[in-house]
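Here is a structure to walk through together, from the whole chain down to single residues. Keep the viewer open as you read.

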Amino acid sequence: MKSYLLSFILCLFFFWPQQLRAQGEVKNILYINSYNVGYPWTDEVTEGFKQVIDFNPNINYFAEFMDTKRFSRIVVFPSFYNYLDAKYDSSNFDLIVACDNDAVDFFLAHQDSVLFKNKPLIFCGITNIEEYPFKNIEAYGVVEGRNLQQIFHSMHRLFPQRRNVYAIFNETVSDSIYKSTVSKFMLDYESSDLKTVSSDNSDSIVRLLQSLGEEDIVYLFNRTFEKKGLFKPYRSILNHITPPYHVPVFSDMAINENTNNVLGGERNRGQGHGKLVAKMAIKRINGEEISPQFLYPKGELVYNYHQLRNFDVELSLLPRDAIIVNKPESIFYKFKRLILVNAFFIIACIAIILILIINNRNQKRYRNKLEAARDQALQSESVKTSFIANVSHEIRTPLNAIIGFSDIIKQENTNKEFDEYVNHIFESSQILERLVNDVLDLSLIDANEVKLNYDNIHLPDFMDELVKRNIVQIAHYQKPKLKLKHKLPKSGPENLYVDKFRLNQIIQNLINNAIKYSFTGTITLSYAFHSREEIKKLTELQTYDLKHQQYCLISVRDYGIGIPQELKSFVFERFRRLDQVYMGHHKGVGLGLNISKSLLNIMGGEIWFTSVQSKGSTFSFIIPHLPKP
Ligand code: ADP
């Protein structure tokens, strides 16, 4: 609902003023130009006028062209009025725009006619504004002024040695005005001799120009030098003279044509004049004040590069805001875009390369730092490891003495009072010995310095010995319901080529745990030999990469407390003791299984377990069955 309302308001906002405008009164302008379509100045003025007026939907304009460049005004005036009268019989124009003298003169000649009576006039292209008193007429306009003084001054400045200044006019009204203006201010240039030439004949001008020499300079006033009715472009005059010209030629009108023959001149752009006229017309139609009544737009000083070069003109002598046309494009200017795009691309590439170099350097520096830090860490690690190994080793010697002597005292002692103390010393020193051994192993494993001593062992004997030794151990733990046995295979190999010390350490650790974490049932120690394929079928080992052909599988099974499901993943972690309840009763630091796993990995084996809480656990490991060398 809200959005409908919003759209409605927006529609009102956008369309209402336009509607109002569209519905407002439409005003009509009659635009009369002295010359014909295709004549450059006329086209420029008309274009400028259109550009501004077309923006005003409430203003209509009707453009008409008198064509007085080709047909005499005496012929054109009456017929043109008849034509307008017939065409715009019932039209009531709000304003008349007249461009150039003939159109203005035409308006004035018919100011009391039905079409023009009491109509405001806006004009352009008039130079001799003083001659138009515009009595009883509301007139505004753009004066086609020429700053002749600035161009003559420039001629004198660029060519001071050319004393004879030829100013060539034709017989038009405007030219006669210019002639008197120039004659006045040229009096100030004492070194120059002004020679005014009036001619309606292009051939005579060609002859004159050809006869001029090193002390002469020329200003051509108009662009046509031919009798009325004949349109002879200025260009054709200079085309009759074989280049190179010996005389610099200046001209205002000709410079508009971008001709190569003229050295300089003042350029008045018709478009600008047309726009100014249109703006004045809109103001008048809207009832706004037009001030000033007559505008004098300034022309630009334009110079032809070829001619400047031809006459070795010092470019620094040109006015600061001079425009130089026909200047050959430098290679940079010609391919400016391409060069800029390429330059940008090259700069971007260089920037990227620099960033990469800097980055690489930084990386190198960081890598070196890291390597140094790593070396230092490794060094301190190995120092630490060897320190721990040394210390552990040194502790073991006195510890062994304590264990040995406390054992002797235990056996020899008859005094019951000391029994407890001696036992305590004996047990504590045993725990300490295990701890020292574990720490020593850990440091050897971390330093990758575990040395294996392979030997051939007879497994049934080895197992037998283990069981016997640990039955004594169980008695010591005072667990009368706990039993221990081994289960030997009926057939198959009996010998294993292995590091006996480490194998004993691993199995002893498993038996210790089984004793520690069980109270009843029989702990069973078993072994069997299997091929790699058979081992692979065991679900626990399916993902392992087994490199050897034959393995010996050894298991320790108990019916103890078991391991809760959620703690199973921590069993082999260092210093992890899972069962909080039994932790107090059984000494240990949580290193045994981690060390066993590391040792087995070094030996090419693997360890795993299955366990059910309160039901018991089976810890199994495989060890490669290597052929005896
Ligand atoms: P600890 O010195 O604590 O025995 P281990 O690395 O040998 O260290 O064992 C890690 C933990 O795994 C033990 O603290 C215990 O909680 C659990 N665990 C090991 N073996 C068994 C088992 N047979 N039955 C139940 N829990 C066990």
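What follows starts with the overall chain, moves to a sheet, and ends at the ligand.

Please keep in mind that this is a predicted model. The protein chain has 629 residues, and 41% of them count as buried. Its secondary structure adds up to 19 helices and 20 strands. If you look at contacts in the chain with a separation of 6 or more, 73% of them join residues that are 24 or more positions apart. The chain exposes about 36,100 Å², and carbon and sulfur atoms supply 55% of that area.

Let's turn to one of the sheets. An open sheet of 6 strands runs in the order β2-β1-β3-β4-β5-β11, and its pairing is parallel. At its edges you will find β2 and β11 (294–295), each of which pairs on one side only. As general background, the strands of a sheet pair through backbone hydrogen bonds, in either a parallel or an antiparallel way.

Two of the pairings are worth tracing by hand. Strand β1 (residues 27–33) and strand β2 (residues 59–65) are joined by 7 bridges in the parallel sense. To find one of these in the viewer, start from Asn33, whose bridge partner in β2 is Phe65. How enclosed is β1 by the rest of the structure? Of its 7 residues, 5 are buried, so β1 is largely enclosed. Further along, strand β3 (residues 95–99) pairs with strand β4 (residues 121–126) in the parallel sense over 4 bridges. Here a convenient landmark is Cys99, which has Cys124 as its bridge partner in β4.

Next, a stop at a single charged residue. Asp102 sits in helix α4 (residues 101–109). Is Asp102 buried or exposed? Its relative accessible area is 12%, and because buried means under 20%, Asp102 counts as buried. Which residues is Asp102 in contact with, leaving aside its neighbours within four places in sequence? They are Ser34, Tyr35, Met66, Thr68, Arg73 and Phe77. With one of these, Thr68, the contact is also polar: the two side chains come to 2.6 Å.

Now for the ligand, which may be the part you most want to inspect. There are 20 residues surrounding the ligand, and the closest are Asn513, Lys516, Asp558, Arg577 and Leu593. By residue type, this shell divides into 8 nonpolar, 7 polar and 5 charged. Which elements each supply at least two residues of the shell? They are α16 (500–516), α19 (592–602) and β20 (616–624). Of the shell residues, 3 come from α16, which gives the most.

The polar pairs around the ligand involve both side-chain and backbone atoms of the protein. An N or O atom in the side chain of Asp558 is 2.9 Å from a nitrogen atom of the ligand. On the backbone side, an N or O atom of Gly590 lies 3.3 Å from a ligand oxygen atom. A polar backbone atom of Gly592 is 3.4 Å from an oxygen atom of the ligand. On its own the ligand has 530 Å² of accessible area, and the protein covers 96% of this.

To finish, take a look at α19, which is among the elements that supply at least two residues of the shell. Ser596 lies in this helix. With a relative accessible area of 3%, Ser596 is buried. Beyond its neighbours within four places in sequence, Ser596 is in contact with Ile506 and Asn509.

How values were computed. Residues are numbered from 1 along each chain as its sequence is written. This is a predicted model: local features need pLDDT of at least 70, side-chain atom pairs count only at pLDDT 80 or more; totals for chains, interfaces and linings use all residues. Side-chain values use heavy atoms; hydrogens and water are left out. A residue is near a molecule or strand if one of its heavy atoms lies within 4 Å of it. A polar contact is a pair of N or O atoms within 3.5 Å; within protein, one must be able to donate a hydrogen and the other to accept it, and residues adjacent in sequence count only if both atoms are side-chain atoms. Accessible areas come from the Shrake-Rupley method with a 1.4 Å probe; for residues, only the protein chains shown count as cover. Ala, Val, Leu, Ile, Met, Phe, Trp, Tyr, Cys and Pro count as nonpolar, Asp, Glu, Lys and Arg as charged, and the others, Gly among them, as polar. Buried means under 20% relative accessible area, exposed over 50%, partly exposed in between (1.4 Å probe, protein chains only). Contact means heavy atoms within 4.5 Å. Two strands pair if DSSP finds at least two bridges between them.
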